[in-house]
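Q: Please take one part of this model and examine it closely. I would like a connected account that begins with that part and then sets it in its surroundings.

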Amino acid sequence: MIETHVHVVNRAGLHTRPAAMLVKIASRFKSEVYLMRDGFSINAKSIIGVMTLAAEQGAPLGLTVIGEDEREAVDAIVQLFASGFDEP
Amino acid sequence: MDKTMSRHHGSSAERVLKGVPASPGVAIGRAFVLSVDSPTIRNDRLRSEDVDAELARFAGAVEVSTAELHRAVEIARTEKGTVASIIESFVHIVNDPSITTAIIDRIKHGYPAESAVVAEYDTHKAVLYGARDAFMRERAQDLEHVKERLLAAMRNRHMSHAAAADSIVVAGSVTPQDMLFFKQNSTLGFITEVGGINAHTSILARDIGIPAVIGVRNATSDIPRNATIIVDGYSGLIIIDPTPATITEYAEKRLRAEAYRQRLGELREKDSTTTDGVHVALLANIDTPDDVDVAMMQGCEGVGLVRTELLLVQLGRYPSLEEQTAWYKDIAERAFPLPVTFRAFDVGSDKFREGIPHHEDNPALGLRGIRFLLYRPDIFAQQVFAVLRASVNRNVRFMLPMVSVYEELQQAKQIIAACRQALMAEGVEFDHNMPVGVMIETPAAALLADVFARETDFMSIGTNDLAQYALATDRTNELVADIFDACHPSVLRMIRMIVVAAEAHGRSVSVCGELAGHAAATEMLVGLGIRELSVTPRLLLEVKQRVRTTSNAEACQLVEQLLQCTSTLGVHALLTGSR
C-alpha cells in the first residue's frame, strides 16, 4: 500500500473532463485506487465518485493505492495531477 | 446591463425576451420548438416476477445511450477544443461501476428502473450542488443530462434532430450530444429555459461557435413554432417576429460581430502583458450577478468594481440583510476563485437619493458616498455585515466611495471593526482579513494619497469624479463641458502622485473609471505605473489588445512628456502622435 498526497493545480478544478481522464488512467492498473478529502474516501475508478469530491483548484487530496502495480499507478496519477489535466 | 424589454420601432409587433448570453454571436432563423417532456416517474414497488424485465430495460438503456454517445464522439472529433473529451466523459458516467451497481441494487429491491435511476443520480447531483465552487456546482448539469438520456432511452423516446437548415432550436434544455447532432443539421442557434453559463452545453456552444441564450423562462411556450426569431448571444435578447428594419440591423450586427470575433477571439486566452513583459491585470466593472459570467467569458482576472447601489436602483429601496447577503454571495461565488471588490453604496449621486434628509442645492458637493454612509451608520453597518458574510471564501474586498478627509476613513474602519466583532461573537464564518480600500476621487484624497495608502489595503482611482472635482466642471453642463477631460495634465499629475504613494507603501492601485476602458489611454495609464485596470466587460479584450502592443519603456517616456503638458490639447496631440 502506498499513501501520498496530490493537489489540484488546474484552475477549473477536478470537474467532469479531468475526472474522466483520471478514471481512464486509474482503470489501466490492477491496483485499487482511492482518493480522500475531508475524511471522505472514493474509488478513483468511478467518475461519479471523483466528480462528487468537488475538488476545486488548490484542494489537497489523499491518494491511496493498493495492489501489485501500485508504484506505477501512483507515479502515473501524481504525474496527471501535476500536469493540470492539460488545462490552464 | 440594460434590461429593457421594449425596442423602439414604432408600430412594430415584435416581441422581446431576455435571457443570459451563453455563447456570443447573432443568428436569424426559424424557431424549432421542442416541447418539454416531463414524464411521471413510477414509485410503486415491483412484483418480484417483473424485476428481471426492469433490469433488462436499464441495461438496454445504458447500451443505447452509450452507442448514441459514441456516435456523438465521432462527430465531435471533427470539432476543435474539448468537445470530444467532454462527451467521452459522459460515456464514463453512463457506465460508472458504482452508480450502475447501486441502480441494479435498487431495482433488485423492487424499485422500477426509472425511479432507481432518478434516485441515484439525484443523490449525486445534490452532493455537487453543495460544492463551494460555482463551476463545480454546474457539473451537476452533466449528471442531469445523462439521467435524462437514460430515462428517454428506457421509454424508447428519441429526440428528433431533423430541424430545417435555418432553424434555431428552442428547448427546455439541450444535452451536449444533441447540440452536436443539431449542428450537423446546420442549426443556427440555441435557446434554452435552464442551464448555467459554465454548463457543458454552454461551453460546447462557444467551442463550436453557435450563438446561444440560456435561462429564458417559458421559452418553449412563449416562442411560437416556426416564428422568425433573432438570437443575440451578446446581450441575451431574443426578438420574436422582428420587423424588416430590425432584421437589417441585426444582419449588419452579425457581419460586424463576425469580423470582431475573428480579430479578438484568440486574445481571450492570451496574457495581458506589455511587449516588454509588464503584466497589467484586467478586471471587470459589474452591476449584477449575471455580469460576472459575461466578464469571465471575456477572460477577466477578477471583478474590480461591483457598483452595489445598482441593487438599490433595481429594488427602489434599501434591501434587507438577507437580500444583500444573497446577492453578494452569488457574485462572490460565481467569480470564485477570482477576487471581487464590492464598493459600498454610492448614494447621493444622480441615480438614487432615497434617505437624503432634504433637498441639496449642490448634490455633487453634498451628502454622497462615504459621507452619507456615516450619516446613516445603520444602513452602512448592514451592508458591512452582508459583505463580510459573503467573504467566507476569502475572495472579497470592500471599498469606500468618495472619501475626502482622513476622519471619514477612521470612522468607517471603526464601524467595520465593530461589525467584525459582532459576527465573531455570533460565531459566523467570514474572512477576518478582508481587505478594505478607498476610492480616490477627490483632489483632497489624491493629495493625501500617502496617508490613505498607509491606512488602507488598496486604492482605486475613479477618474470621472477626480477630473470633475479637479477641474470644478460638471460635464453634463454644456456651457462648461468642454473644460472637462480626464486626460487633463492636472488629473495625470494626481494619478502619478497616487501611484508613487501606493508604491511607497506596497499597496495596489487600480483605475476603475471610464478612462480605464478608453483604449487610447491604455499606454498612458501603463506609463503612469497603473498595473490594474477595471473596465466594463465588453471592453476587456480591446484593452488587452492595447496592453499587448504597448511597450512599458516607451509608455514611461511618453508619460514624462505628458506630465509637462500645459493643456488637454497638448496631451491629446502626444497621445495621437504616439500611435
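A: The account below begins with the barrel of chain B, passes to its helices and core, and ends with the remaining strands and the partner chain.

The model is a predicted one, and the part chosen for close study is a closed barrel in chain B. Eight strands form this barrel, in the order β9-β10-β11-β12-β13-β14-β15-β16, and their pairing is parallel. On average, neighbouring strands of the sheet are turned by 30° against each other when direction is ignored.

One pairing within the barrel can be followed residue by residue. Strand β11(B), residues 340–343, and strand β12(B), residues 396–400, are joined in the parallel sense by 4 bridges. Within this pair, B:Val340 has B:Val396 as its bridge partner. The approach to β11(B) contains an unusual backbone feature: the peptide bond between B:Phe336 and B:Pro337 is cis, with omega at about 5°. B:Pro337 itself belongs to the loop that connects α13 and β11 of chain B.

Helix α15(B) brings several of these elements together. The helix covers residues 377–390, 14 residues in total, and extends 20 Å between its first and last C-alpha atoms, close to the 20 Å expected at 1.5 Å a residue. Its buried residues are B:Phe380, B:Gln383, B:Val384, B:Phe385, B:Ala386, B:Val387, B:Leu388, B:Arg389 and B:Ala390. The list therefore takes in B:Gln383 and B:Arg389 as well as residues such as B:Phe380 and B:Leu388. The cover over these buried positions includes both strands of the pair just described, β11 and β12, together with α13 (321–335), α14 (370–375) and α16 (406–426) of chain B.

A second helix, α20(B), leads to the interior of the model. This helix runs over residues 489–504; its 16 residues should span 22 Å at 1.5 Å a residue, and because its end C-alpha atoms are 23 Å apart, the expectation and the model agree. Eight positions along α20(B) can be listed as buried: B:Val491, B:Leu492, B:Met494, B:Ile495, B:Ile498, B:Val499, B:Ala501 and B:Ala502. In an α-helix, residues three or four places apart point the same way, because there are 3.6 residues a turn. Just beyond the end of α20(B), B:Gly506 adopts a positive phi of about 65°.

The largest nonpolar core comprises 194 residues, and B:Ile440 and B:Ile498 have the most contacts inside it. The element that gives the most to this core is α20(B), with 8 residues. Once neighbours within four places in sequence are set aside, B:Ile440 is in contact with B:Ala445, B:Ala446, B:Ala449, B:Phe452, B:Met459, B:Ile461, B:Leu466 and B:Ile498. The two residues with the most contacts inside the core are thus also in contact with each other.

The loop between α19 (463–470) and α20 of chain B holds B:Ala472. This residue has a positive phi of about 50°, although it is not a glycine. B:Ala472 counts as exposed because 11 other C-beta atoms lie within 10 Å, and the limit for exposure is 12 or fewer.

Chain B also contains antiparallel pairings. Strand β1(B), residues 15–18, pairs with strand β8(B), residues 237–240, over 4 bridges in the antiparallel sense, and B:Lys18 stands opposite B:Leu237. Strand β8(B) is likewise joined by 4 bridges to strand β7(B), residues 228–232, and these two run antiparallel. Here B:Ile230 is bridged to B:Ile239. The hairpin of β7(B) and β8(B) has 4 residues between the strands, and in it B:Gly236 takes a positive phi near 85°.

Chain B meets chain A through 23 of its residues, which are in contact with 19 residues of chain A. On the chain B side, the elements that give two or more residues are α2 (83–94), α3 (97–108), α4 (113–129) and α5 (134–137). Of the elements on this side, α2(B) gives the most, with 6 residues. By residue class, the chain B side divides into 10 nonpolar, 7 polar and 6 charged residues.

The partner, chain A, has 3 helices and 4 strands, arranged along the sequence as β-α-β-β-α-β-α. Of its 88 residues, 44% are buried. Among its contacts between residues at least 6 apart in sequence, 74% join residues at least 24 apart. In the segment after α3 (70–82) of chain A lies A:Phe85, a residue other than glycine with a positive phi near 55°. A:Phe85 counts as buried because it has 21 C-beta neighbours inside 10 Å.

Technical notes:
Residues numbered from 1 in each chain as written. Chains lettered and ligands numbered in written order. Predicted model: local features only at pLDDT ≥ 70, side-chain atom pairs only at ≥ 80, totals over all residues. Contact = placed C-beta atoms within 7 Å. Pairing = 2+ DSSP bridges. Axes fitted to C-alpha atoms, helices over the stretch in contact; angles between N-to-C directions. Expected span 1.5 Å × (residues − 1). Buried ≥ 20, exposed ≤ 12 C-beta atoms within 10 Å, placed from the backbone. Core = buried A, V, L, I, M, F, W, Y, C linked by C-beta atoms within 7 Å.
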